[in-house]
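Student: Could you zoom in on one buried spot in this protein and walk me through what surrounds it? After that, I'd like to see how it fits into the rest of the model.

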Amino acid sequence: KRALGEASRQFFQVSMALNGLSEPGLKGLAFEAHQRSTDQDEDTFLYRAVAEMAERRLEILRRRRTGKGVWYAVVNVTRWDDDQHGTMIAEHAERCHGQAAAVVAARQLLARNAERFSANTTVEVSIVTDLERESDESDSHH
């Protein structure tokens with residue numbers, strides 16, 4: 001566990017670098033990482049992983065730009081204690097085809113959950129692509 005912790009300590013920097021790139025930048029980075037992954041040295045698999053991350057980020061940006069694909073409307077209800085520590089008490093998600101449909105569904109979810117809002121409870125609405133939702137779900141299981 002300690003070795004994995006040390007090896008993964010800087011992983012967030014890869015995501016930060018990718019998040020700062022445009023679609024053309026991501027295409028170029030993915031191409032270069034794929035090229036380097038063919039060198040058959042000890043970094044082969046790391047370059048392959050970076051290429052896959054860049055391609056995933058590129059697809060998310062494309063979907064945000066076009067509004068196409070599978071999207072989710074999501075409402076999170078969070079209760080806050082006096083120390084401003086939040087505990088999610090409910091989450092509602094609806095699978096939609098396209099960004100526009102997700103916006104409509106999110107408005108409906110928000111309206112259905114508006115009465116849950118109070119001085120110590122927030123109701124937050126968002127729309128995300130299926131790729132982002134899958135990532136969020138896998139992150140919450142670790």
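Tutor: Let's start with A51, which has a relative accessibility of 0% and so counts as buried, the cut-off being under 20%. Keep in mind that we're looking at a predicted model here. You'll find A51 in helix α4, the stretch covering residues 44-66. What does A51 touch once neighbours within four places in sequence are left aside? The contacts are A30, A33 and H34. There's also a distance to check on your screen: from A51 to R36 it is 9.7 Å, C-alpha to C-alpha, with their positions 15 residues apart in sequence.

Now for a second site to set beside it. R116 sits in a loop, the one that links α5 (99-113) to β3 (121-129). Its relative accessible area is 32%, so R116 is partly exposed, since that label covers the range between 20% and 50%. A51, by contrast, is buried at 0%. Skip the residues up to four places away in sequence, and R116 still touches V77, I89, A90, H92, T121 and V123. Take A90 from that list: it is 26 residues from R116 in sequence, while the two C-alpha atoms lie 10.0 Å apart.

Okay, zooming out. The protein has 6 helices and 3 strands, and going along the sequence they come in the order α-α-α-α-β-β-α-β-α. The radius of gyration is 19 Å, well over the 14 Å that the globule rule gives for 142 residues, so the protein is more spread out than a compact globule. If you'd like a box for it, the C-alpha atoms fill roughly 60 × 40 × 20 Å along the principal axes.

How much of the chain is buried the way A51 is? Buried residues make up 28% of the 142 residues. As for contacts, take those with a sequence separation of 6 or more: 62% of them join residues 24 or more positions apart.

Last, the surface and the charges. The accessible surface comes to about 9800 Å², and carbon and sulfur atoms account for 53% of that. On the charge side, there are 19 positive and 23 negative charges, and their mean positions are 5 Å apart.

Key:
Residues are numbered from 1 along each chain as its sequence is written. This is a predicted model: local features need pLDDT of at least 70, side-chain atom pairs count only at pLDDT 80 or more; totals for chains, interfaces and linings use all residues. Side-chain values use heavy atoms; hydrogens and water are left out. Helices (H or I, at least four residues) and strands (E, at least two) are DSSP runs, numbered from the N terminus. The radius of gyration is taken over C-alpha atoms; the globule rule is 2.2 Å times the number of residues to the power 0.38. Buried means under 20% relative accessible area, exposed over 50%, partly exposed in between (1.4 Å probe, protein chains only). Contact means heavy atoms within 4.5 Å. Accessible areas come from the Shrake-Rupley method with a 1.4 Å probe; for residues, only the protein chains shown count as cover. Lys and Arg count as positive and Asp and Glu as negative; His and the chain ends are not counted. The place of a charge is taken as NZ of Lys, CZ of Arg, CG of Asp or CD of Glu.
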